[in-house]
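Student: I should like to learn how to read the features of a structural model, one at a time. May we begin with the backbone in a loop?

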Amino acid sequence: MTGPVREQWLSRIGFVLAAAGSAVGLGNIWRFPYVLGEQGGAVFLLIYLVCIIFIGYPVMVTEISIGRITQRNPVGAFKALAPGTPWWIVGAIGVLTGFIILSFYSVIAGWSVSFIFKALTGFPVGAEAAGEFFVGHITGVAEPLIMHFIFMVITAGIIAAGVVKGIQRVVTYLMPALVVLMLVVILRSVTLPGAGEGIAFMFTPDFSVITIDTFLSAIGQAFFTLSLGMGAILTYGSYLSSKDDIPKSSLQVIFADTSIAILAGFAIFPAVFAIGLDPASGAGLAFITLPAVFAEMPAGEFFGFVFFLLLSIAALTSAISLLEVVAAYFIDEKGWTRKQAALLMGAIIFIVGIPPALHAGVLGDVTIIGMDMLDFYDFVSDSIMLPLGGVLTVIFAGHFWGMKALTDEANKGATGIKVGNWMAPFLKYIIPIGVFVVMVVGVLGRFGIELF
Ligand code: TRP
């Protein structure tokens, strides 16, 4: 294949930062705390950690190994390992999923950008007023669209600049900044009077709320938060050299992602309890409950600003990994230049994101199978395409590419912990069956068919 020489990360840590940047996102700071709040606190945390270790770790090692050995985007990677077979379709599902996830991810990230500025002038007091404020924002037309546009322009700009000059450079600054901003919010939150209750909430199990849904949520969250199932980590792995340590890097990414999710809990729950609001307020936790908290907190304008800035940064370093999958496909397979791929695909994803951007406003009445346009995109990607991509990837690795080839690649360059035999039953049977069941039950549940 002709074309420019494929870029590589300047260091293993560059890869770890980029992959951690991909992993740490809205899933950690917006979604994890509210799911934890709804699903019984500590019980969910425990099940989630088990899923991260026994599903997240094997799948991550697999994706990175496939990416590194082939040095290709997801479609090219499957074509290289299984030429003349339909396995490339798994990569194609991944690229398509990238379009869909990024289109609505950018809409939510856009709200976060808007809230950076809204925080400065102060949020209304009380959960009800904060709820109206949020609805007022998302039912708008111009602002959600403009912020979605701006967020996509920044994302595409970074991808156009390249793997090293774009992605690696940006994460080198933004990831440490994110940690510092997070610590600022945590310090404020845990020193509020009554904060202890929030910490107790996170670590006190409430067994009464566990249902099959708790397990479904934990597995779904494990895939989403680690950016697995659509080839994002595979694509980042394709810029690694064979000297780099895959098991160690995977564990570092997982540690960073899990730590930030738990820290987000420390930033949010103590403050929510201190102000006396409901921790189980669902998807509105970050955009309704927290603004109400900032409205009553001393120097809440400043801390609200810091919180939404950090949420926007986390979203940006995730969004670039989604666009990179799409861009890498057009660069490797279609011979486009990086700039063409980033800008054209960024523009198309902006357009695809217009329906979810207007889901509560102009398109407020439009539903597909009973869901508004934002829920529909979210449902199709998170509940169908990601699990499908994840299951097919592990079946491919466990049964077709083979455990021997996978383990050899994963352990090449590994100096400490190596991938062991314990992974085989997970990749071959436990993960495909477990995740498939989750997917079917989840999808049927959406249509009102309860199996359990
Ligand atoms: N992991 C990110 C988050 O937690 C979202 C994300 C980025 C993602 N890239 C992905 C999810 C690829 C699935 C697949 O917010």
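Student: Where does Ile369 lie?

Tutor: This is a predicted model, and in it Ile369 belongs to the loop between H16 and H17.

Student: What is the phi of Ile369?

Tutor: The general idea is that most residues other than glycine have a negative phi. Ile369 has a positive value, near 35°, and is not a glycine.

Student: Which loop holds Ser227, and what is the phi of that residue?

Tutor: Ser227 sits between helix H10 (212–225) and helix H11 (232–237). Its phi is likewise positive, near 60°, in a residue other than glycine. For burial, the cut-off is under 20% relative accessible area; Ser227, at 13%, therefore counts as buried.

Student: What residue follows H7, and what is the sign of its phi?

Tutor: Gly162 follows H7, and its phi is positive, near 115°.

Student: How is the length of a helix to be read, taking H7 as the case?

Tutor: One compares the distance between the end C-alpha atoms with the span expected at 1.5 Å a residue. H7 (residues 142–161) has 20 residues and reaches 29 Å, close to the expected 28 Å.

Student: Which residues of H7 are buried, and what covers them?

Tutor: The buried residues of H7 are Pro144, Met147, His148, Phe151, Met152, Thr155, Ala156, Ile158, Ile159 and Ala160. Their cover includes helix H5 (88–120), helix H6 (127–138), helix H8 (163–190), helix H14 (300–334), helix H15 (338–352) and helix H16 (354–357).

Student: How does the length of H15 compare with the expected span?

Tutor: The 15 residues of H15 should span 21 Å at 1.5 Å a residue, and the end C-alpha atoms are 21 Å apart, so the two agree.

Student: Which residues of H15 are buried, and where do they lie around the axis?

Tutor: Arg338, Ala341, Ala342, Met345, Gly346, Ile349 and Phe350 are the buried ones. These residues cover an arc of only 150° around the axis, and therefore lie on the same side of H15. Lys339 and Ile351 are exposed on the other side. The cover of the buried residues in H15 includes H5, H7, H8, H14 and H16.

Student: Is Arg31 buried or exposed, and what does it contact?

Tutor: Arg31 has its place in helix H2 (residues 26–38). With 18% relative accessibility, this arginine counts as buried. Apart from neighbours within four places in sequence, Arg31 is in contact with Leu26, Gln221, Phe224 and Asp382.

Student: Let us turn to charged pairs. How many salt bridges does the structure hold?

Tutor: There are eight salt bridges. One of them joins Glu409 and Arg68, with the closest N and O atoms 2.8 Å apart. This pair links distant parts of the chain: Glu409 is in helix H17 (residues 373–411) and Arg68 in helix H3 (residues 42–70), 341 residues apart.

Student: Are the partners Glu409 and Arg68 buried or exposed?

Tutor: Glu409 is buried, at a relative accessible area of 2%. Arg68 counts as buried too, with 3%.

Student: What other partner does Glu409 meet in a salt bridge?

Tutor: Lys412 meets Glu409 at 3.0 Å, N to O. Lys412 is partly exposed, with a relative accessible area of 41%. Salt bridges with shared partners thus join Arg68, Glu409 and Lys412 into one network.

Student: How should the pair Lys404 and Asp408 be read?

Tutor: Their side chains form a salt bridge of 2.6 Å, N to O. Lys404 and Asp408 are four residues apart in helix H17, so about one helical turn separates them. Lys404 counts as exposed at 61% relative accessibility, whereas Asp408, at 43%, counts as partly exposed.

Student: Finally, how does one read the chain as a whole, beginning with its secondary structure?

Tutor: The chain has 18 helices and zero strands. For overall size, one sets the radius of gyration against that of a compact globule: with 452 residues the latter would be near 22 Å, and the chain has 21 Å, which agrees. Along the principal axes, the C-alpha trace spans about 60 × 45 × 45 Å. Of the 452 residues, 59% count as buried. Among contacts between residues at least 6 apart in sequence, 83% join residues at least 24 apart. The accessible surface comes to about 16900 Å², of which 70% belongs to carbon and sulfur atoms.

Terms used:
Residues are numbered from 1 along each chain as its sequence is written. This is a predicted model: local features need pLDDT of at least 70, side-chain atom pairs count only at pLDDT 80 or more; totals for chains, interfaces and linings use all residues. Side-chain values use heavy atoms; hydrogens and water are left out. Helices (H or I, at least four residues) and strands (E, at least two) are DSSP runs, numbered from the N terminus. The expected span of a helix is 1.5 Å times one less than its number of residues. Buried means under 20% relative accessible area, exposed over 50%, partly exposed in between (1.4 Å probe, protein chains only). Contact means heavy atoms within 4.5 Å. The arc is that of the directions from the helix axis to the C-beta atoms. The radius of gyration is taken over C-alpha atoms; the globule rule is 2.2 Å times the number of residues to the power 0.38. Accessible areas come from the Shrake-Rupley method with a 1.4 Å probe; for residues, only the protein chains shown count as cover. A salt bridge is a side-chain nitrogen of Lys or Arg within 4 Å of a carboxyl oxygen of Asp or Glu.
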